Amino acid sequence: MKILLVRDERESAEILTFILETKLKGEVVLAISPQKGIDLLKADSAFALVVTDHSQGNNPLFDYLKNSNAKTPVISLSGQPFPVMDKSQYSGFLGFVDRAK
């Protein structure tokens, strides 16, 4: 399974890469920005999963995925509790999983 990981924090990217490679037996390709992620998706449509951080501001990666009608599943990570976020900007998301308090 080929996984696109879009993270701008090197340390968390290394931890997530380790988890994705060991638990999902995936091949992880790292993009350090949403634009780099878009570039990789345009160049290679073989990604089975995209993992990204929603808190990178207005994430153009979400817009690209929605507008391209991509069927690739996306996991959006956050360190913030979801009730604080404006969920309306995430139309098309199937749901939210809040972390345990």
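Here is a short student-and-tutor chat about the fold, packing and a few single residues of a predicted model.

Student: To get oriented, what pattern do the helices and strands follow along the sequence?
Tutor: Start with the inventory: the protein chain has three helices and four strands. Read in sequence order, they give the pattern β-α-β-α-β-α-β.

Student: How are the strands ordered in the sheet, and which ones sit at the edges?
Tutor: The sheet is open, its four strands pair in parallel, and the order is β2-β1-β3-β4. From one strand to the next, the twist averages 20°. A strand that pairs on one side only is an edge strand, and that description fits β2 and β4 (74-77).

Student: What is the bridge partner of V50 in β4?
Tutor: Look at β3, residues 49-53, which pairs with β4 in the parallel sense over four bridges. Within β4, the residue bridged to V50 is V74.

Student: Which strands does α1 touch, and what angle does its direction make with that of β2?
Tutor: Helix α1 covers residues 10-23 and packs on the sheet. Its contacts there reach β1, β2, β3 and β4. Set against the direction of β2, the direction of α1 makes an angle of about 160°.

Student: Are α2 and α3 roughly parallel or roughly antiparallel to each other?
Tutor: Their axes are 8 Å apart, and the packing angle is about 30°. Angles under 35 degrees count as roughly parallel, and over 145 as roughly antiparallel. So α2 and α3 come out as roughly parallel.

Student: What classes of residue make up the contact of α2 with α3?
Tutor: From α2 you have P34, G37, I38, L41 and K42, and they meet P60, L61, Y64 and L65 in α3. Sorted by class, that contact has seven nonpolar, one polar and one charged residues.

Student: Which elements each supply at least two residues of the largest nonpolar core?
Tutor: That core has ten residues: L4, V6, V29, A31, I38, L41, F47, V50, L61 and L65. There is also a second, separate core of eight residues, including A13, L16, L49 and V51. Back in the largest core, the elements with at least two residues each are β1 (2-6), β2 (27-31), α2 (34-43) and α3 (60-67).

Student: Which residues is F47 in contact with, leaving aside its neighbours within four places in sequence?
Tutor: F47 is one of the residues of the largest nonpolar core. With those neighbours set aside, the contacts of F47 are K2, I3, L4, V29, L40, L41 and T72.

Student: Is S76 buried or exposed?
Tutor: S76 is in strand β4. Its C-alpha atom is separated by 5.0 Å from that of T52, although the two residues are 24 apart along the chain. The cut-off for buried is under 20% relative accessible area. S76 has 16%, so it is buried.

Student: And K25, is that one buried or exposed?
Tutor: K25 is in the loop between α1 and β2. Its phi is positive, about 55°, although K25 is not a glycine. Most residues other than glycine have a negative phi. For accessibility the cut-off is over 50%, and K25 has 64%, so it counts as exposed.

Student: Last one: what share of the contacts with a separation of 6 or more comes from residues 24 or more positions apart?
Tutor: For the chain as a whole, buried residues make up 35% of the 101 residues. Among contacts with a separation of 6 or more, the share from residues 24 or more positions apart is 55%.

Conventions. Residues numbered from 1 in each chain as written. Predicted model: local features only at pLDDT ≥ 70, side-chain atom pairs only at ≥ 80, totals over all residues. Heavy atoms only, no water. Core = buried A, V, L, I, M, F, W, Y, C linked by side-chain atoms within 4.5 Å. Buried < 20%, exposed > 50% of the residue type's maximum accessible area, 1.4 Å probe, protein only. Contact = heavy atoms within 4.5 Å. Pairing = 2+ DSSP bridges. Axes fitted to C-alpha atoms, helices over the stretch in contact; angles between N-to-C directions. Parallel < 35°, antiparallel > 145°, perpendicular 65-115°, else oblique. Nonpolar A, V, L, I, M, F, W, Y, C, P; charged D, E, K, R; others polar.
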